[in-house]
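Please open the model in your viewer and keep the selection panel at hand. The tour below moves from one selection to the next and says what is found at each stop.

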There are 2 protein chains.
Amino acid sequence: MPATMKDIAARSGVSIFTVSKYVNGGHVKNENAEKIEAAVAELGYKVNTTARALKTSRSMTIGIIMEELTNSFYSGVMSVVDNYFLESGYSSIITETKGRSEESLRKLDLLLSKRVDGIICFTSCCDLNFINTCIGSGVGLVVVDSLPQGGQPCGSCDFILTDNVCGAFDATRHLVENGHHEIAVITGDSSRFSAGERLRGYQECLAQSGIPVRGDLIFIDEYNIDGGYRCAQRLARLARRPTAVLVCNYLMALGALVAFNENDLRAGEELSLIMFDEIQANSAFRPRLTTVGQSLDEIGRLAAERILLRARGGDLPDGIFRIPARLIIRDSVVRLK
Amino acid sequence: MPATMKDIAARSGVSIFTVSKYVNGGHVKNENAEKIEAAVAELGYKVNTTARALKTSRSMTIGIIMEELTNSFYSGVMSVVDNYFLESGYSSIITETKGRSEESLRKLDLLLSKRVDGIICFTSCCDLNFINTCIGSGVGLVVVDSLPQGGQPCGSCDFILTDNVCGAFDATRHLVENGHHEIAVITGDSSRFSAGERLRGYQECLAQSGIPVRGDLIFIDEYNIDGGYRCAQRLARLARRPTAVLVCNYLMALGALVAFNENDLRAGEELSLIMFDEIQANSAFRPRLTTVGQSLDEIGRLAAERILLRARGGDLPDGIFRIPARLIIRDSVVRLK
DNA sequence: GCGAGAATACTAAACGTTTAGAATTTATCC
DNA sequence: GGATAAATTCTAAACGTTTAGTATTCTCGC
């Protein structure tokens, strides 16, 4: 139904070739350019990118696999990515896995069938099987927020991560500098890449500060609201309560806050608190929450750049990029003594 | 590079036709089915949906235009939609407008070029120009969370909205029933469809309760965090302060909470508060925030259903769907006297 | 073993582009 | 004006499917 190049060619009295050249920004005789332009306007012609994709075998589309569409860190990064894509004429097919790994393979299959030119995967738990399937199919891959368990990747893909160890280290140091010695940590289990790294940063800082690591202050559960809630419940009921807590994920933090409220434990006052991730609500809490912010802009820019490089055929070596985290000091850490 | 039907045909000794039939679920001789199946597995064949789309002129793709990718209401609905799509073999191209209307036309153009089979638009401000361009191009449209200003739509599209008037009415009534008579409202300007409706529900409830509407208690600003912040600042400095406030958008609510905190006005205690939208943080605040929740599931299901009906060629009449809102009572409304 | 009808498979032409390779027009210079 | 080079355009064959229209094979009853 919509007009094709053939229609434009017929209407303007030139060949399809000339139309194609003009539409793609090539130089044609002024006279012809005008006639084509007129025909395009008249018939409301829009290039059929499907046909173009078939012929050029480039879909100009990047597949996005996201653990949770509603995760505000991921959607924040994606917002930046989308912007870069538009400028470059790319667009993105987004699909969600809800964290189920069979789902991620199914979605991957779908995307490969759609002949995407590359894939960006947003997940905190990276499945080696997934990565290999991806690489095996020859499509470029950028993984945000994860590294595969056990061993470096071995194909053409990039990993973009916040420097979680430093981020957690700095946060913990901030607590120590404010006189805290009994510091708890709430984080996800080791399948979550960032969870493990953040735990490590916490431990390293304590070690370096000469503070013994108390096992009963390390709370590990699912990397979501419920997990945070459960950890905080356990923490609140501890006989020898810590004076501060580092929560390694914003969802866990939300859950933890619920539990602290239920236990009448005033987070940010009685119990100093630092959480990971800058979310819109952070300043709305009372006291305002000190957080470890990840740089959405930098991560997004880099993810977009790398996947576009790969999509355009660059045969790049693996890359692991660490983006610094930034401690945003607000009011939820009290100075002890 | 990847295997094509031709390769499969050659390898299994049948014609492309037979391969196509088999791949599409048609019945072929057992013997052939086996040979094809083997070849498919061996060569890792995946149907090229680009070629299929070209031939069938159905891309099996729905374009999504979203005001903000990070808006948790929209992404929550989208998550539901994505699920329906997968089951039906569809997928979605998501792009963001950041609320700029020239941007929405640009994105629309991109999507039409990609030959999407339909468009879902998530926005609280619906541009009639946009709708008409959409309809003019013959592609189905579903608009979530908005109705065009001035006049019903006049083409093949659906509008799915929360019943904002009732939602705001119920919330206001809940305040009145708890003894509040001085009730403020914070909302967006009239370009935001839901903002106006929610204001109306508030006003209707007051009128019906015999409470005079005080103009100085109606705060209108941008439908975002900053707007909410500014409104709340003005509210907090009022000589004759209200005892309760209805905030008509979750972003405005977050901004308002910041301002209330800065003014040492304890929201949910000194100032009862009801906000629109169920966000993950709602229960994490202290006190837990009473909210007007929109039904992501129902909205998402309906949006997906309608756009798929349209995509599959159904020539449906316009539809306006109102999904009931639900008041979720928590602790941020105190009983007066 | 044959013919009819059903079941299955084949051939070839599209879908709307891009792009080699060949052909034409235009510009340049003596 | 004619020869040459440069600029522009044309023709036609792909890209990987789907699908009419047609041909082949199979199944039966007799």
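In this predicted model, begin with helix 4 of chain A, which supplies 4 residues, the largest share of the surface near DNA strand C. Then widen the selection to helix 2 (16–23) and helix 4 (49–56) of chain A, together with helix 2 (16–23) and helix 4 (49–56) of chain B, since each of these four elements gives at least two residues to that surface.

Next, select the whole set of 23 residues around DNA strand C, among which S20(A), R52(A), S15(B), T18(B) and N32(B) come nearest. Of the atoms of DNA strand C that come within 4 Å of the protein, 62% belong to sugar and phosphate. Coloured by residue class, the surface near the strand divides into 9 nonpolar, 9 polar and 5 charged residues.

Individual contacts can now be picked out. A polar side-chain atom of S20(A) lies 2.6 Å from a phosphate oxygen of DNA strand C, and on chain B an N or O atom in the side chain of S15(B) is 2.6 Å from a phosphate oxygen of the strand. For a contact to a base, select K55(A), where a side-chain N or O atom is 3.4 Å from a base oxygen of DNA strand C.

Finally, move to T61(B), in strand 1 (residues 61–66) of chain B. With a relative accessible area of 7%, T61(B) falls under 20% and therefore counts as buried. Its side chain makes a polar contact of 2.9 Å with the side chain of K114(A), and the residues that T61(B) touches also include Y90(B), I93(B) and V116(B).

How values were computed:
Residues numbered from 1 in each chain as written. Chains lettered and ligands numbered in written order. Predicted model: local features only at pLDDT ≥ 70, side-chain atom pairs only at ≥ 80, totals over all residues. Heavy atoms only, no water. Near = heavy atom within 4 Å. Polar contact = N/O pair within 3.5 Å; in protein donor to acceptor, adjacent residues only side chain to side chain. Nonpolar A, V, L, I, M, F, W, Y, C, P; charged D, E, K, R; others polar. Buried < 20%, exposed > 50% of the residue type's maximum accessible area, 1.4 Å probe, protein only. Contact = heavy atoms within 4.5 Å. Lists of a residue's contacts leave out its neighbours within four places in sequence.
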